[in-house]
Amino acid sequence: MFGYLTHRFGLSPIVGYLLAGIMVSPHTPGFVANTELAEQLAEIGVILLMFGVGLQFHFQEFWAVRRIALPGALIQSLATAAFGAIVMHTLGWGWKVGIIFGLAISVASTVVLTRVLSDNNEIHTQTGHIALGWLVMEDLFTVFVLVLLPVVLDPGIGGVTGIMEAFMLTAIKIIILLVFTFAVGGRLLPRLLTHIANTNSQELFTLAVLAIALGIAVGSAYMFDVSMALGAFLAGMVVGRSEFSTRAATEALPLRDAFAVLFFVSIGMLFDWNSLIESPVLVIATLGIILLGKPLVAFLIVVLMRYPLRVALSIALILSQIGEFSFILATVGTNMNILPANAQNILVAAAIISITLNPLLYKAGGKIERWLNRCMPGLTNCIHARCAPAPATNGQENKQSGQTHVIVIGYGHVGQTVVRLLLENDICPTIVELNIQTIQSLRSQGYRAVYGDAARFNTLSEAGIKNAHALVLSASNVKGECEIVRQARELNPNIRIIARTIYLSNRKKLIAAGADVIFSDEGEVALSVTEMILKQFGATPDQINRERNRVHESFYENFVSTPLQVKKEET
């Protein structure tokens, strides 16, 4: 209910989840939820969250923006952490407390950032690519921080020698874990998932992915003494390198989102109003770092890397919030008895305020840019003069190349014929299939093929739906055919959608979902039978054509949209 209400007010649902946790916490009147159970479920959320980060970590995409994302994320995280440590130490906290707290507020929320970019249609822009690459580096940096914090800040370790010994021991364990995960798991897990996929059982595949994520995470903690978060991240990277990455993200990660909600609820349950009222200066200082200090550091980094003013402002504004990893770091600090009790409360308050303001600040980026151009023309002119030419995005490259891109769903006899004819006419097809053996065979032949359920958002996105010119639903027995059409139309309003279905009665549903042309197996059989009967009774070719057209119109009348008719005439 709280998530829905905050969404209706134009805020992030995360704010609603935090508020829901506050409402059922021991510090507010009314019902009190089971805190211990909430924390256990939240731990599963953390594991699945890190598994999702590893699953969606594509080295090629990061490499394209490495020159800005790698140094930018590292410098911004370290600068913000140092700034936070100094401010908090000045306000009376110890250096250890300030360092952990500074690291916590240096990390932005991937969930919030992705949502804001999506709402503003900027995921596939230069800003979107840089921001996502930046967040990937922040997440990786956080993974290493989670591993090193217990080693560096353990009070039982004596002096520099003890720290170095512990660091080396941890490094050896991590190296062994990496070798074991990628050498053994990289060979074993894809084979295991292949056998599971061949059963065509969706629930078995989902359970297998979850078992891999949880199993490697828990095994890493028990066998190698590293965090479960790191183990889950490595498990995601192994699965992400296989042909199962898209389907795993599509079918297993919705469970991650559900448990991540419980993670935010469990954090909200820790919030205590009394300690917040007792530390107003700390809350204001924390917000100052998140809303002013961190964005300023990011802005300067992007400008110095010779990017346009608009990109620098957008990156700075979208990073002015904290989220899930901030709470994970704070939880580690609390479990190590370093962070005081009110640190969590300050983070919760800062998260609620920063997440609430972030979409509003991002939308105000254009107004801020105009204000800077008007009030500080010297500064903006200097920035514009230093700007390097912006690289073309994937969408721009496709438009420039002029190559037509068509997505073909299903690779049965019809799909094979469609793909062959497209290739013969210099049209680039991407094939979406749910048969893993077919996908492996296609990829070995050099075809672009995506393994996954076409009715899922991630599968269509992986196939390049946003830049595709047409989508052909060649299989007539696809589950959720209307959902496939609806998703495709939502992701790309200008795409041409040609659908095949078994029954004529499905035509209205497919048209309502957004299809341009529908071919029915029933209709085509009727047309073929009619043509054969006319030939046997001696009809002339003109009579056969006339009757075929008449039957065809009776079946398909009003089921071809006007835009496609115009396109045909132009062609």
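**Exercise 1. Find out how Arg 420 and Glu 424 meet, and where they sit.**

Step 1. Look at the two side chains in this predicted model. Those of Arg 420 and Glu 424 meet in a salt bridge, with 3.4 Å from N to O. The cut-off you need is 4 Å between a side-chain nitrogen of Lys or Arg and a carboxyl oxygen of Asp or Glu.

Step 2. Recall the chemistry. Side chains of opposite charge can pair when their charged atoms come close.

Step 3. Place the pair on the chain. Both residues belong to helix 22, and they are four residues apart, about one turn of the helix. An α-helix has 3.6 residues a turn, so residues three or four places apart point the same way.

Step 4. Check the surroundings. Arg 420 has a relative accessible area of 43%, so call it partly exposed. Glu 424 has 52%, so this one is exposed. The line between those two classes is drawn at 50%.

**Exercise 2. Work out which residues of helix 25 are linked in a network of salt bridges.**

Step 1. Start from Arg 486. This residue forms a salt bridge with Glu 483, and their closest N and O atoms are 2.6 Å apart. The two lie three residues apart in helix 25 (residues 481-491), about one turn of the helix.

Step 2. Now look the other way along the helix. Glu 490 also has a salt bridge with Arg 486, with 2.9 Å between the closest N and O atoms. Here the spacing is four residues, again about one turn of helix 25.

Step 3. Put the pieces together. Glu 483, Arg 486 and Glu 490 make up a network of salt bridges.

Step 4. Add the exposure. Arg 486 is partly exposed because its relative accessible area is 34%. Glu 483, at 28%, also counts as partly exposed. Glu 490 reaches 52% and so counts as exposed.

Step 5. Zoom out. How many salt bridges does a search of the whole structure find? The count is four.

**Exercise 3. Trace the chain from strand 2 to strand 3 and give the hand of the crossover.**

Step 1. Do strand 2 and strand 3 (residues 448-451) pair in the parallel or antiparallel sense? The sense is parallel, over four bridges.

Step 2. Pick one bridge to look at. Glu 433 has Tyr 451 of strand 3 as its bridge partner.

Step 3. Follow the path. After strand 2 the chain goes through helix 23 (residues 436-444) and on to strand 3, and this β-α-β crossover is right-handed.

**Exercise 4. Decide how the buried residues of helix 7 are placed around its axis.**

Step 1. List the residues. In helix 7 (residues 110-119), the buried ones are Val 112, Leu 113, Val 116 and Leu 117.

Step 2. Check the arc. They cover only 125° around the axis, so they are on the same side of helix 7.

Step 3. Look just past the end of the helix. There, Asn 121 takes a positive phi of about 55°.

**Exercise 5. Describe the backbone angle and setting of Asn 337 and Asp 426.**

Step 1. Take Asn 337. Its phi is positive, about 60°, although this residue is not a glycine. Asn 337 sits in the loop between helix 17 (324-335) and helix 18 (341-363). Its relative accessibility is 70%, so it counts as exposed.

Step 2. Take Asp 426. Here too phi is positive, at about 60°, and the residue is not a glycine. You'll find Asp 426 in the loop between helix 22 (413-424) and strand 2 (428-433). With 66% relative accessibility, Asp 426 counts as exposed.

**Exercise 6. Is Met 1 buried or exposed, and what about Met 88?**

Step 1. Begin with Met 1. This residue is in the segment before helix 1 (2-8). Because its relative accessibility is 71%, Met 1 counts as exposed.

Step 2. Find its partners. Met 1 forms a nonpolar surface patch with Tyr 4, Leu 5 and Phe 9, and together they have about 530 Å² of accessible area.

Step 3. Switch to Met 88, which belongs to helix 5 (residues 66-90). Its relative accessibility is 0%, so Met 88 counts as buried.

Step 4. Finish with a distance. From C-alpha to C-alpha, Met 88 and Gly 102 are 8.2 Å apart in space, with their positions 14 residues apart in sequence counted as a separation.

Definitions and conventions. Residues numbered from 1 in each chain as written. Predicted model: local features only at pLDDT ≥ 70, side-chain atom pairs only at ≥ 80, totals over all residues. Heavy atoms only, no water. Patch = residues over 30% accessible without salt bridge, like charges linked within 9 Å, V, L, I, M, F, W, Y side chains within 5 Å. Areas by Shrake-Rupley, 256 points an atom, 1.4 Å probe, with all protein chains shown as cover. Buried < 20%, exposed > 50% of the residue type's maximum accessible area, 1.4 Å probe, protein only. Arc of directions from axis to C-beta. Pairing = 2+ DSSP bridges. Right-handed = clockwise from strand over helix to strand, strands pointing away.
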